[in-house]
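Okay, thanks for making room for me today. Have a look at this one while I talk, and stop me whenever you like.

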Amino acid sequence: MTQDLFGELSPELIREHLMEGAVVLRQFALADAEWLLNDIQRVTTQAPFRHMKTPGGHAMSAAMSCCGDQGWVTDTRGYRYQSEDPTSGQPWPAMPESFRNLAGKAAVAAGFEGFEPDACLINRYEPGAKMGLHQDKDEQDFSQPIVSVSLGLPQVFQFGGLKRNERPVRVPLAHGDVVVWGGPARLRYHGVLTLKAGDHPLTGVCRYNLTFRKAR
DNA sequence: CAGTGGCG
DNA sequence: ATAC
């Protein structure tokens, strides 16, 4: 908390600039975390977490679900967005208002106006789970940023270059942190290191990540 | 098509 | 444990 120009106490927004077009908003989602977690519970009751397979046939270590008009999926046929959950054949659950609002606020705080995501990928990491370096490039609209929200256990994020062979920077992410990247950083490689065991008062033994995108 | 993964 |  700091004293602002009007003499009122206001929470200080901690922005960590990573690269041009990429910023970490520390604890940005902290106040909304319990609502977000409640909505993760609701969404994943309708569209349960599952371990999708890569086209190469490997099961991903992070369990995934989606909400919104479009959901990211992978199977032996490839990576894509689709409007139905392949497990049920039903449309993905609607994107909760808590999700949309948080994503929009975070985008503005990072300097991206008018972000209206149509897709939210929900990843659940348990100890041992990781995500190798990759680009988010299955979207049609690269003019819109990516907003990534961390909830629960801490995990080390890696943020690299436009080519996979560039050494990434490592950024520890904690509960409530939000990373936003777009513009010249939109196609940078990124991932997370293996989650270490731990116990979080709100999520127990796991970390959740919400990734908001404009897929179409 | 696939390295959002696994191996030596 | 990390790098390629």
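So, to start: what covers the buried residues of α1? The cover includes β5 (63-67), α2 (97-109), β8 (119-125), β10 (146-152) and β15 (207-213). Covering here is about contact, meaning heavy atoms within 4.5 Å. Helices (H or I, at least four residues) and strands (E, at least two) are DSSP runs, numbered from the N terminus.

Before I go on, some housekeeping. This is a predicted model, where local features need pLDDT of at least 70 and side-chain atom pairs count only at pLDDT 80 or more, while totals for chains, interfaces and linings use all residues. Residues are numbered from 1 along each chain as its sequence is written, chains are lettered from A and ligands numbered from 1 in the order in which they are written, and side-chain values use heavy atoms, with hydrogens and water left out.

Back to α1. Which of its residues are buried? They are A33, L36, L37, D39, I40, V43 and T44; buried is under 20% relative accessible area, exposed is over 50%, and partly exposed is in between, with a 1.4 Å probe and protein chains only. Down the helix axis, those buried residues fall within an arc of 165 degrees, so they line one face of α1. That arc is taken from the directions from the helix axis to the C-beta atoms. An α-helix has 3.6 residues a turn, so residues three or four places apart point the same way. Turned away from the buried side you get the exposed ones: E34, W35, N38, Q41, R42, T45 and Q46.

Now the DNA. 17 residues surround DNA strand B, and the closest are M60, Y79, K130, M131 and R164; near means a heavy atom within 4 Å. Sugar and phosphate make up 49% of the strand B atoms that come within 4 Å of the protein.

For polar contacts (here, N or O atoms within 3.5 Å), R164 has a polar side-chain atom 3.1 Å from a base nitrogen of strand B. D138 puts one 3.4 Å from a base oxygen. H134 has a side-chain N or O atom 3.4 Å from a sugar or linking oxygen. Two elements, β7 (78-82) and β9 (131-134), give two or more residues to this surface, and β9 gives the most, with 4.

Last stop, Q155, which sits in strand β11 (residues 155-159). Is Q155 buried or exposed? Buried, at 4% relative accessible area. A polar atom of the Q155 side chain is 2.7 Å from the backbone oxygen of L193.

Terms used. A polar contact is a pair of N or O atoms within 3.5 Å; within protein, one must be able to donate a hydrogen and the other to accept it, and residues adjacent in sequence count only if both atoms are side-chain atoms.
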